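Visitor: I should like to learn how to read some features of a structural model. May we take them one at a time?

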Amino acid sequence: MSTRLSQLFVRTLREDPVDAEVASHRLLVRAGYIRRQAPGVFAWLPLGLKVRRKIEAIIREEMETAGAQEVHFPALLPREPYEVTGRWEEYGDGIFRLQDRRGADYLLAPTHEEVFTLLVKDLYSSYKDLPLSIYQIQDKYRDEARPRAGLLRGREFTMKDAYSFDYTDAGLDVSYMKQRDAYERIFTRLGLEYVIVQADAGAMGGSRSEEFLHPTPVGEDTFVRTDGGYAANVEAFTTVAPEARSYEKLTPAEVLATPDTPTIATLVAVANEKHPRPDGRAWTAADTLKNIVLALKHLDGKRELVIVGLPGDREVDLKRAEVAFAPATVEPATAEDFVKFEADGDKPGLVKGYIGPWSPEGAMLGEDSATGIRYLLDPRVSDGSGWITGANLAGHHVFGLVAGRDFGSDGTVEVAEVLVGDPAPDGSGPVELARGMEIGHVFQLGRKYAEALGLKVLDENGKLVTVTMGSYGIGVTRILAVIAEANNDEKGLIWPKNVSPFDVHVIAAGREDVVYEVAEDVVASLESAGFDVLFDDRPKVSPGVKFGDAELLGVPQIVIVGRDAAGGVVEHWDRRTGARTPVDVASIATAIG
RNA sequence: CGGGGCGUAGCUCAGCUUGGUAGAGCGCUCGGUUUGGGACCGAGAGGUCGCAGGUUCGAAUCCUGUCGCCCCGACCA
């Protein structure tokens, strides 16, 4: 096959599009692969489509190998199934909703768990039909608050989503591993670096969830890893809690004046200045217990205040908080939230900057305390640990307040930020932090959807059992962008061989007839050797323009037919290394090999 | 939703402060010269200056409102 550039529907841009920031977005638009239609919505030009199809072909092959069969659902779906699982509400503004002429509600599917489940329910009712894995490659629609970075986070995007159906937990494990293995093969074939991290299984009730992250600074996820092989999304990271210590020998807590110390930094400074430690070591932020007031918004619209206590050297990571409190959403508490708990006369109350679990009058935080506010502790605040924390009086902190002895809580919570050097929960050493872009997600859903939608089968004993499911997603269009992001230079794109829109880009550089005659021969012989060839045959375009376009388009192998054409010699140009090698026309096909 | 920025030709932008016939480069069309790193000469086509209202003899320019877009943050199965 070959395509003549003079005929190809493409226009390369000499300048960067003004609305594109990240490399993949900028280059895909400049090189004529995609065009923006609306925020987060793109049209695909021939070059872009060719790359997409190559990626999809690899995915289809590996799905086939994994035993999954392809189906196809509409993007336009009725409200009812999503109503049953509660997601019509849960998604909130995140989905595109529309109505038909009768006023019936529809949505553009953000994901397809519900209808896959219903289709299987529709057709199957015996354990003999299981296991089953089916998948589709379909566009998804999410009304993202802020689409960004071109294809990396769009409102319309293409996803391969697969679903497995088993009637035993062991069967689900097998189905899950098949998909997981397929993902490893897919990303390897695509030449994409990836890290498999533990992900939050969260409110979905699933038992196992792993994300495939591509390490990149433009990534939206932060993950941790250790040399010992541990890797997790920070959202799923669990803190190693110190052993509980005996507090029998500890001195009693005392309230000390700490004027003008509304922040941890000022508190540490004043503590060292006015109340130095007896052992001579300086107080640090890690000696303080910071109490942060969060407001939870529950699904039913109810607003609840929660206070979390964590070491003062750590911030609350809102993403981790969202996970910890899901499905409620989390926001910082406002001034109005505080009003009802303010100090009244001599009665201690919540004083911004001086909040703590204890007061001379008794417990201040916790469901059974004076305020009745739920109080949750970071796991590091273990029994027997002593702290400097607010005394619930302006300008005062309490020193040597011991967890378990002087105050309690309503439980522990994982909301503190993860820091470089924190110990991994599996004991494999200190963690490092990195950014990654999620390119795939494998997830044991368990019985949540089957339960909600009534997908049951009869087992060997004639008993009805609820099916257990897995869902497995790969962002096809996102992967394309991630590949572009990982493979470019200042001149343009550099596609990996497996996804390049063409195998070879042949340039006719020169105006003599012989150049074009030899170029035609070269194209013909490459074609007959089975290569898909892009031929820059534009007669009035100067070599410099053709070279520039070739670099921008990013086909990794380029053949220049130019000044030595009459002598039967052309150049093989490696886009990635920049190396140019003279090659005899007769052996061009083997040189490309 | 909070913060910042921007809407003028297909693209990248100038013009706005100080109101007076709509501009440049690239791209596109025609003719000619050029051809190994984004050539040149000549002639062209192409814009309700985001939209609405106001001020004014006169608005791209000043005022008010509105819509949209981009970036950062929040959000994101």
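Visitor: By class, how many nonpolar, polar and charged residues does the surface near RNA strand B have?

Guide: The model is a predicted one. In it, the surface near RNA strand B has 20 charged, 17 nonpolar and six polar residues. R142, R153, M159, E551 and R580 are the closest of the 43 residues that surround the strand. Of the atoms of RNA strand B that come within 4 Å of the protein, 48% belong to sugar and phosphate.

Visitor: Which phosphate oxygen contacts involve V18 and S542?

Guide: A polar backbone atom of V18 is 2.9 Å from a phosphate oxygen of RNA strand B. For S542, an N or O atom of the side chain lies 3.4 Å from a phosphate oxygen of the strand. Helix 8 (318–325), helix 13 (543–553) and strand 32 (569–574) are the elements that give two or more residues to this surface. Helix 13 gives the most, with seven residues.

Visitor: How does one describe two packed helices?

Guide: Two quantities describe such a pair: the angle between the axes and the distance between them. Here, helix 2 (residues 46–65) packs against helix 11 (residues 476–486) at about 110°, with the axes 10 Å apart. Helix 2 is therefore roughly perpendicular to helix 11. The crossing is right-handed.

Visitor: Which residues of helix 2 and helix 11 meet?

Guide: From helix 2, G48, V51, R52, I55, E56 and I59 meet V476, T477, I479, L480 and I483 of helix 11. The residues of this contact divide into seven nonpolar, two polar and two charged.

Technical notes:
Residues are numbered from 1 along each chain as its sequence is written. Chains are lettered from A and ligands numbered from 1 in the order in which they are written. This is a predicted model: local features need pLDDT of at least 70, side-chain atom pairs count only at pLDDT 80 or more; totals for chains, interfaces and linings use all residues. Side-chain values use heavy atoms; hydrogens and water are left out. Axes are lines fitted to C-alpha atoms, for helices over the stretch in contact, and angles run from 0 to 180 degrees between N-to-C directions. Helices (H or I, at least four residues) and strands (E, at least two) are DSSP runs, numbered from the N terminus. Angles under 35 degrees count as roughly parallel, over 145 as roughly antiparallel, 65 to 115 as roughly perpendicular and the rest as oblique. A crossing is left-handed if the near helix is turned anticlockwise from the far one by less than a right angle, and right-handed if clockwise. Contact means heavy atoms within 4.5 Å. Ala, Val, Leu, Ile, Met, Phe, Trp, Tyr, Cys and Pro count as nonpolar, Asp, Glu, Lys and Arg as charged, and the others, Gly among them, as polar. A residue is near a molecule or strand if one of its heavy atoms lies within 4 Å of it. A polar contact is a pair of N or O atoms within 3.5 Å; within protein, one must be able to donate a hydrogen and the other to accept it, and residues adjacent in sequence count only if both atoms are side-chain atoms.
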